[in-house]
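The following paragraphs lead the reader through one structure, with attention to a buried-or-exposed assignment and to charged side-chain pairs. The sequence and model are shown first.

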Amino acid sequence: MNISFTKKQQDYIAEQVTSGDFQNASEVVRDALRLHEIYRVRMLNELKVEIDKGWSSASSSRSVKDIIQAKKKS
């Protein structure tokens, strides 16, 4: 597998290794992927909950225009 990083990302990875928190760049990347997976699963679950709330709630009498106008005012 070949992965390219930006200079900023390379610098961050190097800083993490230099700090002693990680033994090498692979550990930093694996940790980042674990955190990404946790974040993504949580976000998807929260989104599903909100979608279910929407499907199970009563229909709104407001039009799309009404909703957009109300959002612009807030």
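**Helix α1 and the salt bridges**

In this predicted model, Gln16 is found in helix α1, which spans residues 7–19. Gln16 has a relative accessibility of 15% and therefore counts as buried, since the cut-off for that class is under 20%. Leaving aside residues up to four places away in sequence, Gln16 touches Asp21, Phe22 and Val28.

Attention now turns to charged side chains. Side chains of opposite charge can pair when their charged atoms come close. How many salt bridges does a search of the whole structure find? The search returns four, and three of them are described here.

One of these lies in helix α1, where Lys7 and Asp11 are four residues apart, about one turn of the helix. Their side chains meet in a salt bridge with an N to O distance of 2.7 Å. Lys7 counts as exposed at 56% relative accessibility, whereas Asp11, at 31%, counts as partly exposed.

Helix α2 comprises residues 25–56, and within it Arg42 and Glu46 are separated by about one helical turn because they are four residues apart. The side chains of Arg42 and Glu46 form a salt bridge at 4.0 Å, N to O. Glu46 has a relative accessible area of 42% and is partly exposed.

Helix α2 also holds Glu50 and Lys53, three residues apart, again about one turn of the helix. Lys53 forms a salt bridge with Glu50, with 3.1 Å between the closest N and O atoms. Both partners count as partly exposed: Lys53 at 48% relative accessibility and Glu50 at 47%.

Key. Residues are numbered from 1 along each chain as its sequence is written. This is a predicted model: local features need pLDDT of at least 70, side-chain atom pairs count only at pLDDT 80 or more; totals for chains, interfaces and linings use all residues. Side-chain values use heavy atoms; hydrogens and water are left out. Helices (H or I, at least four residues) and strands (E, at least two) are DSSP runs, numbered from the N terminus. Buried means under 20% relative accessible area, exposed over 50%, partly exposed in between (1.4 Å probe, protein chains only). Contact means heavy atoms within 4.5 Å.
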